[in-house]
Every structure is written in structure tokens, then in C-alpha cells.
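User: Could you take a close look at one part of this model, the patch of negative charge on the surface, and then set it beside what you find in the loops and the sheet?

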Amino acid sequence: MPGLVDIHSHLLWGLDDGAATFEESLAMLRLATSSGTTHIVATPHINEFFHFDPNAAPEMIHRLREAAQDSAQIHLGAELRLDYENLQRVLANPALHTIDHGSYLLVEFSEFVPPAAGEVLKRLLMAGITPVIAHPERNTWLQKKPELLREWTNWNCVLQLTAQSVLGEMGREAKECSWRLIEMGLAHVVASDSHDTLKRPPRLDEAYRLVSRKWGKACAERLFVTNPLAIIEDELLPLEPEPVPSKRRHFIAGLFG
């Protein structure tokens, strides 16, 4: 299994609803490393409940690196709830919020996706910021709007699925939506969105193996390695992948000619 790359985690302690203590952060980092992750991005929430100071995070990352030698490399980003106030914040200083100070920004919508969502995404794109839309498969409104997600990816937005959704651990609807997005060629990245070591752990290995079996190794490496690493390194993604039929579907289609 290649080194896995996780662009969405709540690894840093005391900043949001993720790790509560330094010890929990350290345990998460060690679990990520032991399960095959070589790069992990800490993406604390920025929303109506949490407002972390990006300037405090580098020292936290340094402490974790010192305590866990030979661990996965830690990078910094944020998970930005898209509303008017946060839009102004990120447009004023994009590099404080983007992944590794590049052009990719992890964004999320509340359960209610406003009618102006597309205009907000366009504002970011016009400013040279590429929105990485977090866990659309878990949003009950977006689950029913694959045509809207296709339109957003046509604009060069990136869709990030959750590993536990792919595994079916986030409910049937999230699993079905994530599988559909992979097969339609609309998914670009799978990440952990980890919050702890038990219920929402920083593991990608099981989901990688499932995707590799169901859709092939090339698809798995694109979703778990190549694309997320390109995001960290601020490189362009191939945003128009071919639809990926499952191996089972391909086998059945062959039987019926």
C-alpha cells in the first residue's frame, strides 16, 4: 500500500470538537502513521462555534513533531464554514486559511445550502482560491443534487469524500452517495475528517483497500495519494476523470454483452 495522504483532520487539541488534549492529538497522529498515512493536514473548524487563531497552530504542530519522531508529516489548513463573514475573512488573507498556504481551501456548508452557494464558490475561484468541498455525501440536501455537484466540479471545485462514508459507517445514504460520486468521476479526494481515535479515527487504509478492490488500484491511488498530495503541494489536479464503474458492474455488463 502506498503512503496515504489525509487533507482533512481535527488533529490539533483544544481548538474545536476534535482532539481535546495534547495526549489525544499525539495518539491520533500515531494511529494515522501506523495505518499508513504519510501526510496529514490539521484543519480546525472556523464557523459560528469555533474561531481558531492560525498563528497559534505552528507551535502546536512543532510539539507534536517533537513528541512523535518519524510520524506522518503534519500540515496546516482550516475547515471554513461558508458564510459572509468567513468569505470576507479568507479573501482578506487567503494564505492564513488555505492548505499549506497554497491555493486550496477546505470549505463546508451547513445542512442548509443557501441559494447563493454557487456565487460564493465563484468569488473564491475568481480570487485564485480553489474550494475543496468537504463531505458533500453527508449533506442531505447535496445528496439529492448530483447535477449541482457536477456543475461545481466543472468550475474546478474539488469534492472530498469521507473515508467512513465510503465504508458505510456514516449511514446508508452517505455510502450510496459517495459510491455514486466515485462512479460518476466526480470525487477527487477521500480524507478521514478524524476527530478522535475511536469513533472518527484518522485512518484511510480500510477505505483505500475497499476502493482498490471495487474500482481498481489506479482509482484508489488517485483518491488517496496523488490528488491529495497535489493539493498539499499546490499543484493542478486532473479535475475531469473518467467515470469509474465498479469491478462487479463491469463483470455483470460483460456477462450480458
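Analyst: In this predicted model, D234 lies in the loop that runs between α9 (217-232) and α10 (247-255). With a relative accessible area of 38%, D234 counts as partly exposed, because that class covers values between 20% and 50%. On the surface, D234 gathers with D100, E233 and E235 in a patch of negative charge. The backbone of D234 also deserves attention, since its phi is positive, at about 60 degrees, although D234 is not a glycine.

A positive phi is likewise found at H101, where the value is near 65 degrees and the residue is again other than glycine. H101 belongs to the loop between α3 (84-92) and β6 (104-108), and its relative accessible area of 53% makes H101 exposed, because the cut-off for that class is over 50%.

The strand β6, which follows the loop of H101, is part of an open sheet of six strands in the order β3-β5-β6-β7-β8-β9, with parallel pairing. The edges of this sheet are formed by β3 (45-46) and β9 (189-191), each of which pairs on one side only. Within the sheet, β7 (residues 130-134) and β8 (residues 158-162) pair in the parallel sense over three bridges, and A134 stands opposite Q160 in β8. In general, strands of a sheet pair through backbone hydrogen bonds, either parallel or antiparallel.

Key:
Residues numbered from 1 in each chain as written. Predicted model: local features only at pLDDT ≥ 70, side-chain atom pairs only at ≥ 80, totals over all residues. Heavy atoms only, no water. Patch = residues over 30% accessible without salt bridge, like charges linked within 9 Å, V, L, I, M, F, W, Y side chains within 5 Å. Areas by Shrake-Rupley, 256 points an atom, 1.4 Å probe, with all protein chains shown as cover. Salt bridge = Lys/Arg side-chain N within 4 Å of Asp/Glu carboxyl O. Lys, Arg positive; Asp, Glu negative; His and termini not counted. Charge placed at Lys NZ, Arg CZ, Asp CG, Glu CD. Helix = DSSP H or I, 4+ residues; strand = E, 2+ residues; numbered from the N terminus. Buried < 20%, exposed > 50% of the residue type's maximum accessible area, 1.4 Å probe, protein only. Pairing = 2+ DSSP bridges.
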